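Please find below some notes on the model, set out as numbered points. They begin with one helix and move on to the second chain.

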Amino acid sequence: MLIRIAFFAAAAVLSAAAFAQDAAKPSDPQIAHIAYTAGQIDIASAELARSKATNKDVKAFADDMIRDHKAVNEKALALVKKLGVTPEDNDISRSLTKQSEAKLAELKGLQGPAFDKAYAASEVAYHKQVNAALKDTLIPAAQNPELKSLLQTGLKIFEGHEQHAEMVAKELK
Amino acid sequence: MTWRRLAAGVALAAGAACAGAALGAADPLHRVEIKDVGFAPPVIRVRVGEAVEWTNNDPVAHTATASDGSWEVDLQPGESGRREMQKAGTFGYLCRYHPNMTGTIVVAP
């Protein structure tokens, strides 16, 4: 358990640093890439949970994450196409991907209730991190009003996910 | 304006009047908007036999689901759905996908 807590603490510090790195002002193409990547990461975790979770509320939560993040990412793709923007890979996206690969490897090694608890806890931590980044860095930096509006809608949805993940995590204790 | 166009206009107006009457005082529709993962208004007051209509203006799917599980309205993005309230009382409901989204329907006899 201590190892797990240390892992999530380390992941949180790593990601905070990642977001701070380019906090100066990511461009709209970079913001689009970060937001899309963040969604894909949560879909990958949810798909793992779909196959490994044993608790029905955890499975249902994973379904919700897949449904919502796919829907928001489809909107994002449609918007970048409409705006003629090409999402641009950047340090924050790369750091998020690296962090998620480590998290997935950790989760893959767990079974049964231990997996359920670790997945729920990681979803709370991940949504907190992404929501803070949206609020403090990505939304203020976004220049295009339609992109800014989509990020603001996304933030509302993901704040709901954070609360939902907290409810699920609490039930598992 | 041609006679044909005038006749079409009159027919349209008559149709609109009928539609209005259908949703008139005897059978009012109470609308709830879903936006930014919330029901607005969060509390709605209706009478027995009247309907509540939810419109989902979010990019993600929602439901309006009775807290006791007795009914559910599926609401895909951009779609509306309605339910007639058949019993008096105060009833809680939520979105099954986002359980932190809650609302209340107060049904008067």
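**Notes on the predicted model**

1. The buried residues of α3(A) pack against three helices of chain A, namely α2 (28-52), α5 (112-141) and α6 (145-172). Among these buried residues are Phe61(A), Met65(A), His69(A) and Val72(A). Buried means 20 or more other C-beta atoms within 10 Å of the residue's own, exposed 12 or fewer, and partly exposed in between, with C-beta atoms placed from the backbone. Helices (H or I, at least four residues) and strands (E, at least two) are DSSP runs, numbered from the N terminus.

2. This is a predicted model, in which local features need pLDDT of at least 70 and side-chain atom pairs pLDDT 80 or more, while totals for chains, interfaces and linings use all residues. Residues are numbered from 1 along each chain as its sequence is written, and chains are lettered from A and ligands numbered from 1 in the order in which they are written.

3. Helix α3 of chain A has 28 residues (residues 56-83) and should span 40 Å at 1.5 Å a residue, which agrees with the 41 Å between its end C-alpha atoms. The expected span is 1.5 Å times one less than the number of residues. Gly84(A), just after α3(A), has a positive phi of about 70°.

4. Chain B has one helix and nine strands, and the helix precedes the strands from the N terminus on. Of its 109 residues, 20% count as buried.

5. Eleven residues of chain B are in contact (C-beta atoms, placed from the backbone, within 7 Å) with 13 residues of chain A.

Conventions. Contact = placed C-beta atoms within 7 Å.
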